[in-house]
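Visitor: Please take me through reading a structure feature by feature. I would like the general idea before each case.

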Amino acid sequence: NDEQVKIRGYRVELGEIAAAIVNQQGVQNAVVIDVPAPQGKALAAYLVAEPTLELTELKLALSAALPEYMVPSHFTLIEHIPLTGNGKLDRKALPAPELQADNLYVAPRNALETQLCEIWQQVLGLEQVGIEDNFFSIGGDSISAIRLMNACNKALDLNIPISALFEHTHIAAIVDNLETLSVDIEIKADSGSQQEQTNSMRI
């Protein structure tokens, strides 16, 4: 089935995503296809829309309507949907996916971010990773997320849970929230120590 693809371990219906996009204000027509990504596949949306359409607002609306893995990584505005003589989508006639502003490279601001960028590059097999790059948009999945956090925790002597990567999907957000994440870890560790002391007292 051409309409069903596997993205980051999830089976998704391309038609369902396209329908969600068309439901948004200012969009007249849309198609969604899978495109090669550094690891696996990514989703690219092509839409016929009013010139006033704001892609940032569209992505926010889709994020509220769809699971994160179903929100396309690329959005490209086109004048019409190209069709073959049989009335089917002509994929070859579609332009290459456009990178949005939030996909542009943002360099690390300090030594910690530089180290994290290098680890992300190694795990994902990429030549360059910026601090604003979304882990899942550049080829990451649940399996590589485990490898990534293990590598980060080992290199930086931390104990950040994998769930943090799903909440903070880019390096800048992880670093900005590192103190909070570390505090949470310390609190849990302290609670464990207190529990051990309580158990010892009971004995």
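Guide: What follows goes through helices, strands, salt bridges and two single residues.
Guide: This is a predicted model, in which local features need pLDDT of at least 70 and side-chain atom pairs count only at pLDDT 80 or more, while totals for chains, interfaces and linings use all residues. Residues are numbered from 1 along each chain as its sequence is written, and side-chain values use heavy atoms, with hydrogens and water left out.

Visitor: How do I read a helix such as α4, and what length does α4 reach?
Guide: An α-helix has 3.6 residues a turn, so residues three or four places apart point the same way. Helices here are DSSP runs of H or I with at least four residues, strands are runs of E with at least two, and both are numbered from the N terminus. Helix α4 covers residues 142-156, 15 residues in total, and its first and last C-alpha atoms are 21 Å apart. That is close to the 21 Å expected at 1.5 Å a residue, where the expected span is 1.5 Å times one less than the number of residues.

Visitor: Which residues of α4 are buried?
Guide: Buried means under 20% relative accessible area, exposed over 50%, and partly exposed in between, with a 1.4 Å probe and protein chains only. In α4 the buried residues are S144, A145, L148, M149, C152, N153 and L156. They cover an arc of only 165 degrees around the axis, which puts them on the same side of α4; the arc is that of the directions from the helix axis to the C-beta atoms. The face turned away from this buried side carries the exposed residues I143 and K154. The cover over the buried residues of α4 includes α3 (111-124) and α5 (163-167).

Visitor: What is the phi of D157, just after α4?
Guide: D157 has a positive phi near 55 degrees, and D157 is a residue other than glycine. D157 sits in the loop between α4 and α5, and its relative accessibility of 69% makes it exposed.

Visitor: Which residues of helix α1 are buried?
Guide: In α1 (residues 14-22), they are L14, I17, A18, A20 and I21. Viewed down the axis of α1, they fall within an arc of 160 degrees, so they line one face of the helix. These buried residues pack against β1 (4-7), β2 (10-13), β3, β4, α2 (55-65) and β5, with contact meaning heavy atoms within 4.5 Å.

Visitor: Now the strands. In which sense do β3 and β4 pair?
Guide: In a regular strand the side chains alternate between the two faces of the sheet. Two strands pair if DSSP finds at least two bridges between them. Strands β3 and β4 (residues 41-49) pair in the antiparallel sense over nine bridges, with A30 opposite L47 in β4. Seven of the ten residues of β3 are buried, so β3 is largely enclosed by the rest of the structure.

Visitor: How many bridges join β4 to β5?
Guide: Four bridges join them, and the two strands run parallel; A44 stands opposite H74 in β5. From β4 the chain passes through α2 to β5, a right-handed β-α-β crossover. Right-handed means that, with the strands pointing away from the viewer, the path from the first strand over the helix to the second runs clockwise.

Visitor: How many salt bridges does the whole structure have?
Guide: Side chains of opposite charge can pair when their charged atoms come close. The criterion is a side-chain nitrogen of Lys or Arg within 4 Å of a carboxyl oxygen of Asp or Glu. A search of the whole structure finds three. In one of them, D34 and R91 have their closest N and O atoms 3.2 Å apart. D34 lies in β3 (residues 27-36) and R91 in the loop between β5 (74-77) and α3, so the pair ties together parts 57 residues apart in sequence. D34 is buried at 12% relative accessible area, whereas R91 is partly exposed at 43%.

Visitor: Which residues are linked in a network of salt bridges?
Guide: The network links R109, E113 and D176. E113 and R109 meet at 2.4 Å, N to O, and E113 is buried with a relative accessible area of 0%. R109 also bridges to D176, with the closest N and O atoms 3.3 Å apart. This pair links distant parts of the chain, with R109 in the loop between β5 and α3 and D176 in helix α6 (residues 171-176), 67 residues apart. Both R109 and D176 are exposed.

Visitor: Is I171 in helix α6 buried or exposed?
Guide: I171 counts as buried, at 0% relative accessibility. Beyond its neighbours within four places in sequence, I171 is in contact with E113, L116, C117, W120, V129, G130 and I131. The C-alpha atoms of I171 and E132 are 6.4 Å apart, with their positions 39 residues apart along the chain.
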